[in-house]
Amino acid sequence: MHSSTSNFDFQRPIPALPWRSLLLTTLLLTALGTLGWEIWARAHGYVPSLNDTPDLWADWREKVRPDSIVIIGDSRAIFDMDLNELEKGLGQRPIQLAMPGSCAYPVLENLANDPTFHGTILCSIVPGMWMAPPPAPPYLNGLKGLNRYHKRTLSQRAGHHIGMFLEKRLAFLNEEDLTLSQLLLRISVPNRANSYLPPALPPYFSTMDADRRTWMADACAQPGPLQDRVKFGWLPLFTPPPFPDYTPKEVLEGMARMVEARFGQTADAVKKIHERGGKIVFIRFPNSGELQKLEDLGTPRAGIWTRLMQETGAPNIYYSDHPELIFDCPEWSHLSAPDSVEFTKRLVPYLQQALGK
Amino acid sequence: MLFNSLTFVVFFALVMGGYWTLRSWNARKNLLLVASYVFYGAWNPPFALLLFATTALDFWLGARIAAAPAGSRKAWLVASVTANLSMLGFFKYGNFLLENTKWLLAQAGVTYAPPHLDLFLPIGISFYTFHSLSYTLDVYRGTTQPTRSLRDFLLAVSFFPQLVAGPIVRAADFLPQCDAPPTPLKNRLQWGLFLMSLGLFQKVVLADTLLAPIADNVFGHPSPVLTLDAWMGVFAFSGQIFCDFSGYSTCAIGAALCLGFHLKDNFLFPFAAVGFSDFWKRWHISLSTFLRDYLYIPLGGNRVGAIRASVNLLIVMFLGGLWHGAAWTYVVWGLFHGLCLVVEHFFRLMTKGAAWKETLPVQLALCLVTYLFVCIAWVFFRATDFPSAAMLLGAMAGQIPVGQAILSGREILQVALVIHILWIAQWRLRHTTLEAAIARQPVWLVGAAWTLMLGAIILTQGSGNAFIYFQF
């Protein structure tokens with residue numbers, strides 16, 4: 001068939017090397033290197049586990065039905081609540097939408113603005129995180145899953161399923177600890193004096209199931225170097241950052257306004273859910289040790305928690321009000337795997353009471 | 001679908017398997033066409049319809065241009081240019097135009113509150129519009145004959161390796177390759193796979209892992225930073241955007257080669273550019289040659305006197321800046337390059353024939369100066385608005401005494417190392433090609449480098465971002 005002009009005679013040159021054997025050798029060496037890396041990872045305590053990606057979160061957000069029970073909040077809601085026990089106690093398996101290191105307000109707002117939703121929300125509150133204004137990292141973390149839920153492409157869905165297939169089988173596919181960017185963080189180079197650097201996140205210490213139920217690793221539940229690294233990793237994260245030498249006044253004022261507005265925004269969201277017949281319970285989960293002292297000092301109960309509960313009027317459970325809910329967190333912030341099951345068993349009656357069941 | 005995604009790995013393996021299994025050339029092209037539309041539709045299926053409609057329109061207009069008598073050919077061309085640029089303008093510049101109209105009217109005391117058009121920008125619209133437009137322009141100029149095959153033209157515009165982020169492949173360079181199946185070429189597949197590995201390494205390891213977080217930190221910091229941090233952030237962005245965009249082009253060239261198609265280079269070691277005109281012969285070559293052939297030369301090029309040629313340059317770079325995005329910061333980036341090109345033009349006139357210019361120390365110094373000015377221009381390209389750009393430029397100039405040190409020692413070292421390696425490697429390769437350079441290396445070294453690149457890509461675990469140029 002006649003086509004266009006045929007004056008295009010450009011051909012890319014190919015370097016004169018034995019490419020066939022080069023390709024085979026490269027593939028073989030890469031496969032061996034990957035295998036070695038997998039063996040190293042398993043020998044160092046890593047096991048195949050799903051990564052808690054925005055795609056996985058979006059999968060579960062899509063599964064929310066009008067009458068679902070939904071868990072939102074921070075990592076304590078993921079580690080400390082056992083979905084099996086909640087299912088037994090509440091008659092329905094909850095959907096886990098809490099996100100580590102996040103302010104869950106954007107998720108609450110999303111559910112409140114979903115006209116079909118009239119279910120139940122179990123919401124974990126860590127006051128410092130709940131009040132995080134944009135663009136603070138906890139707030140942005142809270143948006144990650146939502147953004148993916150709203151804008152997910154077919155290609156991303158397919159990639160997510162292929163990724164899960166591999167993550168279930170390979171221990172080195174661990175986003176928290178074993179990516180190249182995480183490995184680079186292990187290189188120790190002195191910093192300049194007075195550097196304004198964000199604190200490092202604690203290392204990997206958990207595994208996650210397909211329903212986002214997260215279990216603390218045994219190595220972290222027992223005293224040892226991993227537990228210490230996690231413990232002392234929390235302290236700088238929960239210490240308010242020092243104000244830098246110079247921050248534009250309008251930036252500071254804007255942030256203060258946003259923090260103040262969060263009380264009203266939360267109350268509005270709760271009101272919308274109540275008006276549709278939905279329910280919400282706020283929960284303060286256990287913490288321990290130095291982290292407990294730090295949180296109590298920085299965000300005392302009489303401050304943010306009390307005002308939030310007053311303004312929303314929603315039922316709430318503060319763990320320290322109930323002696324049977326006081327547990328020791330091995331790394332100061334979350335419960336060990338067995339304790340999380342026991343804690344949930346003891347929490348269920350309070351939830352039933354709060355929900356009028 | 002991103003090149004740096006697991007979905008693409010599976011997609012490409014399936015397409016390759018099917019393509020080389022099929023015996024009929026027509027069946028192979030049909031497969032590529034379907035695959036290209038699946039590749040594009042995987043973002044947002046309705047946009048595939050838009051792509052089809054604009055391509056089919058240009059196919060029809062190309063035939064009309066060729067068949068029309070001399071007097072009315074121009075009208076058909078104007079129809080094509082208007083249709084293409086209107087679509088681009090609507091999706092990409094609609095809100096920008098409304099906002100600027102509002103501002104202009106406000107200056108005249110008129111209050112106008114335009115509605116915000118809630119538009120999704122079709123991925124890669126700037127690229128495929130130019131792919132398609134090049135066809136009617138070339139048919140009009142008589143440098144190419146119209147194709148009778150709608151399928152071939154649809155494939156030329158939508159060919160998935162170059163569809164969404166270039167290189168801008170002109171139909172005249174692609175359509176002849178559709179005439180017959182690719183001739184056998186030894187090691188084409190392996191070399192194509194090597195190029196794809198190199199491109200992915202540039203993108204996910206160098207750009208996304210080593211440089212992007214640092215650039216994002218500096219450009220996104222709400223308050224002033226120290227001079228060192230400001231420069232490191234800008235250097236990091238210069239490396240990031242090169243590795244990101246050049247990485248995409250290299251992947252595209254490699255993927256096309258695996259399928260038997262030959263795409264031209266889009267980058268030729270731009271860090272080694274000596275002067276801005278040299279820079280634009282090395283950076284995004286398919287765009288700079290497009291603008292040169294279809295805009296600069298028709299405006300009169302440099303045949304119309306120094307002053308008029310300078311104005312032409314500024315017009316071209318103004319539009320080149322605007323092509324990158326609907327914001328005045330992109331326009332300033334383009335005009336900054338335009339001004340540098342004009343200054344360089346006069347500098348060359350004044351120093352014509354001077355032998356000292358060609359000595360190694362002077363060439364090196366000019367290369368460094370070019371790089372620094374290119375970096376300054378990147379501030380406007382990357383900054384979200386003018387106040388942010390001004391704050392960063394102030395910090396780079398040491399004019400802000402209260403800046404913060406926001407980069408760690410490791411990050412500073414990381415940027416310094418990567419940029420030095422990029423700069424030295426490109427300087428050494430400036431008079432050659434990648435192919436020639438690789439052919440000179442011992443086999444073991446190429447194998448080791450390839451293995452390391454693949455290993456590093458696996459280590460990143462697919463956590464990379466979208467390519468920067470997708471948004472254009």
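**Spaces and a sheet in a two-chain model**

Me: By class, how many nonpolar residues does the lining of the second largest pocket have?
Reply: This is a predicted model, so local features need pLDDT of at least 70 and side-chain atom pairs pLDDT 80 or more, while totals for chains, interfaces and linings use all residues. Residues count from 1 along each chain as written, chains are lettered from A and ligands numbered from 1 in written order, and side-chain values use heavy atoms, without hydrogens or water. Nonpolar here is Ala, Val, Leu, Ile, Met, Phe, Trp, Tyr, Cys and Pro, charged is Asp, Glu, Lys and Arg, and the rest are polar. Besides eight polar and five charged residues, the lining has this many nonpolar ones: 29.

Me: What volume does that second largest pocket have?
Reply: A pocket is an open set of points on a 1 Å grid over the protein atoms, with protein on both sides within 12 Å along at least five of seven lines; lining residues have an atom within 4 Å of a point. Here 42 residues do the lining, and those closest to the centre are L198(B), F201(B), A425(B), L434(B) and M453(B). Counting the space filled by probe spheres set on the points, you get about 1300 Å³.

Me: Which helix gives the most to the lining of this second largest pocket?
Reply: Helices are DSSP runs of H or I with at least four residues, and strands are E runs of at least two. Chain A joins in with α9 (180-185), while chain B brings several helices, among them α9 (227-258) and α16 (409-428), each supplying at least two residues. With eight residues, the top giver is α8(B).

Me: What is the volume of the largest cavity?
Reply: A cavity is a set of grid points where a 1.4 Å probe fits but cannot get out, and the structure holds two of them at 30 Å³ or more. The lining of the largest one includes F271(B), W283(B), Y371(B) and W378(B). By class, that lining has eight nonpolar, two polar and no charged residues. Its volume is about 90 Å³.

Me: Which helix of chain B gives the most to the lining of the largest cavity?
Reply: The lining has T370(B), Y371(B), V374(B) and W378(B) among its residues. Look at residues 360-382 of chain B, a helix that gives four residues: α14.

Me: How much space lies in the second largest cavity?
Reply: Go over to chain A, where D74(A), C103(A), I125(A) and W130(A) are among the residues lining this cavity. The lining has six nonpolar, three polar and one charged residues. The space comes to about 30 Å³.

Me: Which strands of chain A stand at the edges of the sheet?
Reply: Five strands form an open, parallel sheet in the order β2-β1-β3-β6-β7 (chain A); two strands pair if DSSP finds at least two bridges between them. Each edge strand has a single partner, so one side is left without a neighbour in the sheet; these strands are β2 (95-96) and β7 (316-318) of chain A.

Me: Which residue in β3(A) does I71(A) stand opposite?
Reply: β1(A) has partners on both sides: two bridges pair β1(A) with β2(A), and four pair β1(A) with β3(A). I69(A) and I71(A) point one way and V70(A) and I72(A) the other, and all are buried (under 20% relative accessible area; over 50% would be exposed, in between partly exposed). V70(A) faces I95(A) in β2(A), while the residue opposite I71(A) is L122(A).

Me: What is the bridge partner of I283(A) in β7(A)?
Reply: Strand β6 (residues 279-284) of chain A runs parallel to β7(A), and three bridges join them. In β7(A), the partner of I283(A) is I317(A).

Notes. Buried means under 20% relative accessible area, exposed over 50%, partly exposed in between (1.4 Å probe, protein chains only).
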